[in-house]
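This report goes through backbone geometry, one helix, the nonpolar cores and the main pocket of a single chain. The structure comes first.

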Amino acid sequence: MTPSLNKINPTSSPQILLIRRARIILPNGELMIGDVLTRDRQIVEVAPEISQTALATEIDAEGLTLLPGVIDPQMHFREPGLEHKEDLFTASCACAKGGVTSFLEMPNTRPLTTTQQALDDKLQRASQKSLVNYGFFIGATAENLPDLLLAKPTPGIKIFMGSMHGQLLVDGETALSAIFAKGVSEAPAKQARLIAVHAEDQARINQRRQEFANIHDPGVHSQIQDNQAAMLATQLALKLSQKYQRRLHILHMSTAEEADLLRQEKPSWVTAEVTPQHLLLNTSAYEKIGTLAQMNPPLRSPHDNEVLWQALRDGVIDFIATDHAPHTLEEKAQEYPNSPSGMPGVETSLALMLTAAMEGKCTVAQVVNWMSKNVAVAYGIPNKGAIAPGYDADLVLVDLNTYRPVRREELLTKCRWSPFEGWNLTGWATTTIVGGEVVYDKGQVDTKVRGQALTFL
């Protein structure tokens with residue numbers, strides 16, 4: 001049943017939660033079977049056994065694995081202006097079901113999030129609607145430099161170097177240089193506000209669109225926005241970051257060439273992410289699911305999959321993001337190139353990565369680093385990403401013993417589809433906890449829970 005939005009029922013009594021007999025992934029990556037006690041919004045004790053605590057709500061977690069809640073650092077929740085695709089309530093319900101306890105959302109809504117006023121509007125909406133914690137990027141245009149430097153709270157500046165039109169497309173080196181340079185003098189080098197780039201070269205894309213005009217096979221999408229388009233933009237972003245010593249994050253890296261470039265020259269102030277789609281899907285998906293496989297940057301080859309996996313394991317790529325970007329099935333059913341790019345992902349990302357861990361592609365501890373700890377460190381989000389006293393009580397219990405397929409009818413995202421439909425996965429969330437409150441448990445969402453605005457150091 002689709003959850004409905006409930007009003008908050010504030011309570012003055014302390015929220016005390018005792019999780020018993022869980023397989024706890026500790027901050028050092030080791031596994032301990034034990035208990036975790038939370039009070040109000042924080043973890044207060046982690047131990048092999050914690051004595052009975054008065055007023056505590058107990059959860060018997062025997063046989064389940066306890067992880068820090070996922071922090072998904074890139075998604076598009078479509079509110080305001082495009083709520084027919086998704087909204088902050090439906091998206092946060094999907095987050096809760098997927099074990100995602102915090103998210104960072106992108107600025108390409110209507111209106112665009114390019115001013116303090118637009119940022120404040122999103123924060124207000126989220127405070128009323130979001131079941132999980134939230135943060136919002138400020139979007140770069142060629143004209144809004146003051147807002148880029150002063151708007152707060154925000155994890156950083158989002159630049160669309162390609163795959164965008166209108167004000168949010170910033171694709172000229174002169175305009176890009178102005179953004180990379182501004183703010184450096186006001187802050188110590190490498191500590192100026194983070195810049196996150198969608199790295200595709202728009203000139204290359206425009207040229208390739210002319211070459212492949214009038215072709216309606218969605219598979220051509222990966223040829224139009226090819227590896228070279230991604231590589232050219234990443235090279236430019238890296239060049240500007242090095243020139244101005246500017247903190248840079250490369251969003252949804254998709255190609256072997258980019259991974260190899262960063263392996264050769266990755267300054268300490270540069271980070272990168274990859275999506276589960278670019279690790280687990282490739283161009284063969286077009287034959288199976290058509291335009292549902294269409295996203296930006298596009299799916300690549302099996303070779304790209306392999307190189308990205310290795311770069312992730314080696315630390316060249318720092319963490320995972322979903323780039324959750326829902327469209328309705330009706331919109332996706334349009335003939336290419338009229339079909340929009342993007343796919344949902346917050347409900348399946350953790351289970352996909354934990355299934356990969358069970359298959360030997362990585363370890364559960366690595367998944368924790370990639371989906372929680374490293375994200376918190378990169379964006380300066382305090383007290384998140386680990387199970388330890390003093391950290392926020394954002395947690396997820398997962399079942400690594402049971403496999404269940406992705407079913408369209410069970411999804412809570414408003415668009416109600418997944419490119420991974422039918423995949424048999426383990427590591428599904430059984431219980432998700434936000435700020436010490438159970439927001440999702442055994443298929444049920446508590447829509448009275450509310451997350452908080454994230455802070456960024």
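A residue counts as buried under 20% relative accessible area and as exposed over 50%. Leu55, at 72% relative accessibility, is therefore exposed. The model described here is predicted.

**Backbone geometry**

Leu55 lies in the loop between strand S3 (42–47) and strand S4 (57–60). Its phi is positive, near 75°, in a residue other than glycine. Lys442 also has a positive phi without being a glycine, at about 50°. The loop that holds Lys442 runs between strand S19 (437–441) and strand S20 (444–445). Because its relative accessibility is 66%, Lys442 counts as exposed.

Two cis peptide bonds, each leading into a proline, are listed in the table.

| Peptide bond | Omega | Place of the proline |
|---|---|---|
| Lys152 to Pro153 | about -5° | loop between helix H3 (145–150) and S10 |
| Tyr336 to Pro337 | near 10° | loop between helix H12 (329–332) and helix H13 (349–358) |

**Helix H2**

Does the length of H2 agree or disagree with its residue count? Helix H2 covers residues 116–129, and its 14 residues, at 1.5 Å a residue, should span 20 Å. The end C-alpha atoms are 20 Å apart, so the two values agree. The buried residues of H2 are Ala118, Leu119, Lys122, Leu123 and Ala126. Viewed down the helix axis, these buried residues fall within an arc of 140°, which means that they line one face of H2. Their cover includes helix H1 (88–98), strand S7 (100–105) and strand S8 (133–136).

**Val307 in helix H11**

Val307 sits in helix H11, which runs over residues 302–314. Its relative accessibility is 17%, and Val307 therefore counts as buried. Which residues does Val307 contact, once neighbours within four places in sequence are left aside? They are Ala256, Ala259 and Asp260. Asp318 is 11 residues from Val307 in sequence, and their C-alpha atoms are 14 Å apart in space.

**Nonpolar cores**

In soluble globular proteins, nonpolar side chains tend to be buried together. In this model the largest nonpolar core has 83 residues. Leu67, Phe103, Ile159, Val197, Leu312, Leu350 and Met353 have the most contacts inside it. Helix H1 supplies the largest share of this core, with 7 residues. A second core, separate from that one, has 17 residues, among them Leu17, Leu26, Leu64 and Ile387.

Val197 can be followed further through its contacts. Not counting residues up to four places away in sequence, Val197 touches Ile159, Met161, Phe180, Ala237, Leu248, His249, Ile250 and Leu251. Ile159, one of these partners, is also among the core residues with the most contacts.

**The largest pocket**

How much space lies in the largest pocket? The value is about 1000 Å³. The lining of this pocket is made up of 43 residues, and those closest to its centre are Ser163, Met164, His165, Asn296 and Ser341. Strand S10 (157–160), helix H5 (202–211) and helix H6 (221–224) are the elements that give two or more residues to the lining. Strand S10 also bounds the loop in which Pro153 is placed, with H3 on the other side.

Methods: Residues are numbered from 1 along each chain as its sequence is written. This is a predicted model: local features need pLDDT of at least 70, side-chain atom pairs count only at pLDDT 80 or more; totals for chains, interfaces and linings use all residues. Side-chain values use heavy atoms; hydrogens and water are left out. Helices (H or I, at least four residues) and strands (E, at least two) are DSSP runs, numbered from the N terminus. The expected span of a helix is 1.5 Å times one less than its number of residues. Buried means under 20% relative accessible area, exposed over 50%, partly exposed in between (1.4 Å probe, protein chains only). The arc is that of the directions from the helix axis to the C-beta atoms. Contact means heavy atoms within 4.5 Å. A nonpolar core is a set of buried Ala, Val, Leu, Ile, Met, Phe, Trp, Tyr and Cys residues joined through side-chain atoms within 4.5 Å. On a 1 Å grid over the protein atoms alone, a cavity is a set of points where a 1.4 Å probe fits but cannot get out, and a pocket is an open set with protein on both sides within 12 Å along at least five of seven lines; lining residues have an atom within 4 Å of a point. Grid points are joined across faces, edges and corners, and a volume is the space filled by probe spheres set on the points.
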